[in-house]
Amino acid sequence: MSYENIKTEIQEHVGIITLDRPEALNALCADLISELGNALDAFEANDDIGCIVLTGSEKAFAAGADIKEMEKKTFISAYMEDFITGDWEKVSNCRKPIIAAVAGFALGGGCELAMMCDFIIAADNAKFGQPEITLGTIPGAGGTQRLTRLVGKSKAMEMVLSGRMMDSEEAERSGLISRVVPLANLMEDAVKTAGLIASMSRPITYLAKDSVNQAYEVSLAAGIHYERRLFHSTFASYDQKEGMAAFIAKKRPNFKNR
């Protein structure tokens with residue numbers, strides 16, 4: 001399938017989606033988000049893909065939602081179309097792991113889109129922020145919720161109320177991103193990491209992702225209980241038997257994704 005606002009490619013078992021509106025710093029217009037949803041659906045349906053990398057350009061992952069599209073919206077129009085929910089949430093609802101490879105600006109909706117991914121690898125030139133307050137509105141794609149859970153109330157509150165950006169070093173210290181890499185190595189590192197994840201058992205990867213995500217939804221006791229049951233369930237899989245037998249035999253496992 002051809003797209004106008006994104007590019008897609010497959011490298012072995014890794015699907016790569018590149019946001020591609022350079023003239024607008026990859027501003028997230030409706031057409032781009034729709035195409036992103038379609039690309040994610042295609043990668044989800046492709047059994048050969050085990051992990052997805054979402055990235056932008058060296059200058060901007062995404063500078064935010066498209067303000068020109070939003071400016072004339074009313075409460076009723078935004079509410080009735082359930083603005084943002086649809087294709088945006090396909091990122092957070094994707095079963096396959098998604099790595100955000102972020103360079104340059106990840107602001108507003110761009111920062112929120114990155115946070116919807118399972119983790120973020122950032123280039124040393126990356127900058128994150130929620131500047132919606134400067135436009136007379138607030139974050140609407142999870143900025144007040146995911147950011148607070150990731151970096152804590154004090155830092156999230158400062159960023160949301162002031163619009164201040166944080167650089168990649170501060171983002172790593174604060175827990176927003178997993179690590180910082182040189183800009184020149186960003187995609188190589190992200191694709192290598194995605195390839196490692198894709199080499200694992202597919203169903204076990206899904207279970208692991210599901211279990212980590214539960215930590216943000218339930219109490220510790222409920223989360224431990226949930227994890228324990230998923231852990232028990234892995235013993236019904238072929239891949240658990242293969243993985244442990246291979247470990248004992250000191251060889252690489254040959255997972256069958258079952």
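Which backbone nitrogen does a side-chain oxygen of S237 reach at the start of α13? In this predicted model, the side-chain oxygen of S237 comes to within 3.1 Å of the backbone nitrogen of Q240. Helix α13 itself spans residues 238–248, and its buried residues are D239, Q240, E242 and A246. These residues cover an arc of only 165 degrees around the axis, which means that they lie on the same side of α13. An α-helix has 3.6 residues a turn, so residues three or four places apart point the same way. The cover over the buried residues of α13 includes α11 (202–214). After α13 comes K250, which has a positive phi, near 60 degrees.

Helix α11 also packs against helix α12 (residues 220–233). Two packed helices are described by the angle between their axes and the distance between the axes. For α11 and α12, the angle is about 170 degrees and the axes are 10 Å apart. Because angles over 145 degrees count as roughly antiparallel, α11 is described as roughly antiparallel to α12. On the side of α11, the contact is made by L207, D210, S211 and Q214. The residues of α12 that take part are Y226, E227, L230 and S233.

The strands are considered next. One open sheet has six strands in the order β1-β2-β3-β5-β7-β10, and its pairing is mixed. The edges are occupied by β1 (6–11) and β10 (179–181); each has a single partner strand, so one side of each is left without a neighbour in the sheet. From one strand to the next, the twist averages 20 degrees. Helix α1 (residues 30–45) lies across β1, β2 (14–19), β3 and β5, and runs at about 15 degrees to β1.

Within this six-stranded sheet, β5 can be followed in detail. Strand β3 (residues 51–55) pairs with strand β5 (residues 98–102) in the parallel sense, over four bridges. The bridge partner of I52 in β5 is I98, and that of L54 is A100. Strand β5 is also joined by four bridges to strand β7 (residues 119–123), and these two strands run parallel. In β7, F119 is the bridge partner of I99. Is β5 mostly covered or mostly exposed? Five of its five residues are buried, so β5 is mostly covered, buried meaning under 20% relative accessible area. In a regular strand the side chains alternate between the two faces of the sheet. Both faces of β5 are covered, with I98, A100 and V102 buried on one side and I99 and A101 buried on the other.

A further open sheet has four strands in the order β4-β6-β8-β9, again with mixed pairing. Here β4 and β9 (166–167) stand at the edges with a single partner strand each, so one side of each has no neighbour in the sheet. Strand β6 (residues 105–107) and strand β8 (residues 127–129) run parallel and are joined by three bridges. In that pairing, L107 stands opposite G129 of β8. Helix α6 (residues 109–116) lies across β4, β6 and β8, and runs at about 90 degrees to β6.

The loop between β3 and β4 (60–62) contains S57. This serine has a relative accessible area of 33%, and is therefore partly exposed. Leaving aside residues up to four places away in sequence, S57 touches N26 and A103. The side chain of S57 also reaches the backbone nitrogen of K59, at 3.3 Å. Between S57 and K68 there is a separation of eleven residues in sequence and of 21 Å in space, C-alpha to C-alpha.

Backbone angles draw attention to the loop between α3 (75–80) and α4 (85–88), in which D82 lies. Most residues other than glycine have a negative phi. Residue D82, although not a glycine, has a positive phi of about 50 degrees. In the loop between α3 and α4 is also I84, which is not a glycine either and has a positive phi of about 90 degrees. Is I84 buried or exposed? With a relative accessibility of 16%, I84 counts as buried, whereas D82 is partly exposed, with a relative accessible area of 43%.

Key. Residues numbered from 1 in each chain as written. Predicted model: local features only at pLDDT ≥ 70, side-chain atom pairs only at ≥ 80, totals over all residues. Heavy atoms only, no water. Buried < 20%, exposed > 50% of the residue type's maximum accessible area, 1.4 Å probe, protein only. Arc of directions from axis to C-beta. Contact = heavy atoms within 4.5 Å. Polar contact = N/O pair within 3.5 Å; in protein donor to acceptor, adjacent residues only side chain to side chain. Pairing = 2+ DSSP bridges. Axes fitted to C-alpha atoms, helices over the stretch in contact; angles between N-to-C directions. Parallel < 35°, antiparallel > 145°, perpendicular 65-115°, else oblique.
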